[in-house]
Amino acid sequence: EELALPLFVKTFNDFEIPATFAIRGQLTEVNDSILGLLLKSSVKHDIGAHGYYHREFTDLSRDEAENELKMISAGMNKFGFVPRSFVFPKGSVAHLDLLEICGYKCYRGYGDFMNDCMYIERKGQLYNVHPSLCLGQSMSSIFLKKTLNIAIAKKLPFHVWFHLWNFGETKESIQRTINNVFIPMFKYGKKKEKNDMLTFETMLSATKKVELMSISD
């Protein structure tokens, strides 16, 4: 993660693309370089939470989940921001009422590319940003472009996600994946953006757009 994050942040910044970075609360204790890098970024990224200890929320009692969320808030408050997006560890969705109480606006749980993707749905006062596709080292840029075209044609959100540690253990292997997978997708998406066919959004900004649309309706 320490090797990958600077490379990805640079790539996002070079293309002026905002992203949601879901951070484990533990990192506010042991390492400030990741949060510092994101906060100093030339692009305003959405810094969300990914649990405190990366425990599955379905395995936590209400008190345990509440304690984790409080620890996340306290840890991130030291860096001067409040997380509004939550990515459940391993997609284990639970204790949504506690997320509402803690001020979160959106979350991502489990989703399957073939059956449960490309939409954002309201759950109480929260919004579930369904995961569309997990990116890996062997992902085809042609497949990504075709899928993006489907999302554009149907005017649906295409929410790609990945773990920073998915792309190898060296800077060379990570950069190779960025060059082969991410940069072609970003270049293609930017052309579509220039033609007003899509916008690049974080989980939080996409949620706010959906919220405004529902109010106007």
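Glu1 lies in the segment that precedes helix H1. In this predicted model, the residue is partly exposed, since its relative accessible area of 36% falls between the limits of 20% for buried and 50% for exposed residues. Apart from neighbours within four places in sequence, Glu1 is in contact with Arg24, Leu164 and Trp165. The C-alpha atom of Glu1 is separated by 22 Å from that of Val82, a residue 81 places away along the chain.

Helix H1 itself spans residues 4–14 and is mostly covered, with eight of its eleven residues buried. The buried set consists of Ala4, Leu5, Leu7, Phe8, Val9, Thr11, Phe12 and Asn13. The cover over these residues includes strand S1, helix H3 (33–39) and helix H7 (171–194). Just beyond the end of H1, Glu16 adopts a positive phi of about 55°.

Strand S1, one of the elements that cover H1, comprises residues 20–23. In a regular strand, side chains alternate between the two faces of the sheet. In S1, Phe21 and Ile23 make up the covered face, whereas Thr20 and Ala22 make up the uncovered one. S1 runs parallel to strand S2 (residues 46–49), and four bridges join the two. Within this pairing, Phe21 of the covered face stands opposite Ile47 in S2.

Strand S6 (residues 126–129) is covered on both faces. Leu126 and Asn128 are buried on one side, and Tyr127 and Val129 are buried on the other. S6 pairs with two strands described here, in opposite senses: it runs parallel to strand S4 and antiparallel to strand S5. The parallel pairing, with S4 (residues 106–108), involves two bridges, and Cys106 has Tyr127 in S6 as its bridge partner. The antiparallel pairing, with S5 (residues 120–123), extends over four bridges; here Ile120 has Val129 in S6 as its bridge partner. Tyr127 and Val129, the S6 residues in these two bridges, belong to one and the same buried side of the strand. S5 and S6 also form a hairpin, with two residues between the strands. Gly124, in the turn of this hairpin, has a positive phi of about 65°.

The elements described above belong to a protein chain with eight helices and eight strands. Its radius of gyration is 17 Å, which agrees with the value near 17 Å for a compact globule of 217 residues. Along the principal axes, the C-alpha atoms fill a box of roughly 45 × 45 × 30 Å. Of the 217 residues, 45% count as buried. Contacts were also examined by sequence separation. Among those between residues at least 6 apart in sequence, 65% join residues at least 24 apart.

The surface of the protein chain was described by exposed area and by charge. The chain exposes about 11,600 Å², of which carbon and sulfur atoms supply 52%. The chain carries 27 positive and 25 negative charges, and the mean positions of the two sets are 8 Å apart.

How values were computed
Residues are numbered from 1 along each chain as its sequence is written. This is a predicted model: local features need pLDDT of at least 70, side-chain atom pairs count only at pLDDT 80 or more; totals for chains, interfaces and linings use all residues. Side-chain values use heavy atoms; hydrogens and water are left out. The radius of gyration is taken over C-alpha atoms; the globule rule is 2.2 Å times the number of residues to the power 0.38. Buried means under 20% relative accessible area, exposed over 50%, partly exposed in between (1.4 Å probe, protein chains only). Contact means heavy atoms within 4.5 Å. Accessible areas come from the Shrake-Rupley method with a 1.4 Å probe; for residues, only the protein chains shown count as cover. Lys and Arg count as positive and Asp and Glu as negative; His and the chain ends are not counted. The place of a charge is taken as NZ of Lys, CZ of Arg, CG of Asp or CD of Glu. Two strands pair if DSSP finds at least two bridges between them.
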